[in-house]
Amino acid sequence: MRFGGRVAAVTGAASGIGLGILRRFAREGARVAALDLDFEGAQAAAEELGGDGSAMALQLDVADGDSIQAAVDRILAAWGRIDVWVNNAGIFYVHNIADPPDMENWERILAVNLTGMFLCCQAVTRPMMERGSGSIVNISSIAGKMAFPEEAGYCGTKAGVLGLTRSLAVELAPHGVRVNAICPGNILTPMLQSVDARICAEEGWEPGTHLEKTAQEVPLGYIGQPEDVAAVVAFLASDDASYIVGQAINPDGGLVLY
Ligand code: NAP
């Protein structure tokens, strides 16, 4: 049990990749905090995993610093420590740059994908520094390393996550806190399914056609599952990765090789 006696908190844990990460930490012995805008979803996850009181659900909007601080305080009050914090909550939208400005979506994606991650790191840093140990894992995307048209907000924030991760990694390593990032490829979640639904509707294709085409572009030949990401998160957060700092690893089936 790599995480026996430890506490792991995951943002965006009600769905998709975050739920997969939460389940992985629970399976490896951690007490887990499911943090999500979707409180009912977080509660369902906590009930699934924590019949014995080893899981809690908290409502949190990563764009709201007060709700982040309240969640950190609640976890510390209940369990006295936070060993692992996974910044997974994220949103996606597309916008053609030649179309009228879409400031509402632009401001929201910055607030959730980048500022929210910064605020979460800030809130969890001090308790980790005080204990002289901790691991923060930031979920970026292959979109942080490569380009997709009409995704300036998504690619921009996900690239920003990598810069944020590297800076915090060298700042916090001397305090025993390791910060790393993950850049998933195409992972079957509600977010990817909504992309498929939109593109198939635009192109007049059967639902699922975009996913099939996408899978053909992956060297391994298939779309990943949340567990493929969760396994790498758990590795980076574990003592097995005790000498790994500031890296950005791609569970993506071979799409991006740097
Ligand atoms: P998802 O299925 O949409 O799940 C995201 C979860 O985050 C949802 O429960 C959502 O709640 C929650 N959330 C959204 N905004 C939030 C906020 N402000 N505060 C707290 N929680 C919030 O997405 P996913 O595919 O699992 O993606 C998870 C992460 O992986 C994201 O950062 C995404 O960019 C990244 N990623 C995904 C893929 C992929 O192919 N799926 C690839 C690369 C990277 P609501 O449902 O209430 O909005």
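In the predicted model, a polar side-chain atom of Tyr154 is placed 2.6 Å from an oxygen atom of the ligand. Lys158 also directs a polar side-chain atom to a ligand oxygen, at a separation of 2.9 Å. For Thr189, an N or O atom of the side chain is found 2.5 Å from an oxygen atom of the ligand. The isolated ligand exposes 900 Å², of which 87% is buried by the protein.

The shell around the ligand comprises 29 residues, with Ile17, Asp36, Asn88, Tyr154 and Thr189 as the closest. Tyr154 and Thr189 thus appear both among these closest residues and in the polar approaches to ligand oxygen atoms described above. By residue class, the shell consists of 14 nonpolar, ten polar and five charged members. Four helices each contribute at least two residues to this shell: H1 (16-27), H4 (103-131), H5 (152-172) and H6 (190-203). The space that the ligand takes up is the largest pocket.

At the level of the whole chain, the secondary structure amounts to eight helices and seven strands. The C-alpha atoms occupy a box of roughly 55 × 35 × 35 Å along the principal axes. The radius of gyration of the protein chain is 18 Å; because a compact globule of 258 residues would have a value near 18 Å, the chain agrees with that expectation.

Technical notes. Residues numbered from 1 in each chain as written. Predicted model: local features only at pLDDT ≥ 70, side-chain atom pairs only at ≥ 80, totals over all residues. Heavy atoms only, no water. Near = heavy atom within 4 Å. Polar contact = N/O pair within 3.5 Å; in protein donor to acceptor, adjacent residues only side chain to side chain. Areas by Shrake-Rupley, 256 points an atom, 1.4 Å probe, with all protein chains shown as cover. 1 Å grid on protein atoms, 1.4 Å probe; cavity = no way out; pocket = protein on both sides within 12 Å on 5 of 7 lines; lining within 4 Å. Sits in = over half its atoms within 2 Å of the grid points. Nonpolar A, V, L, I, M, F, W, Y, C, P; charged D, E, K, R; others polar. Rg over C-alpha atoms; globule rule 2.2 N^0.38 Å.
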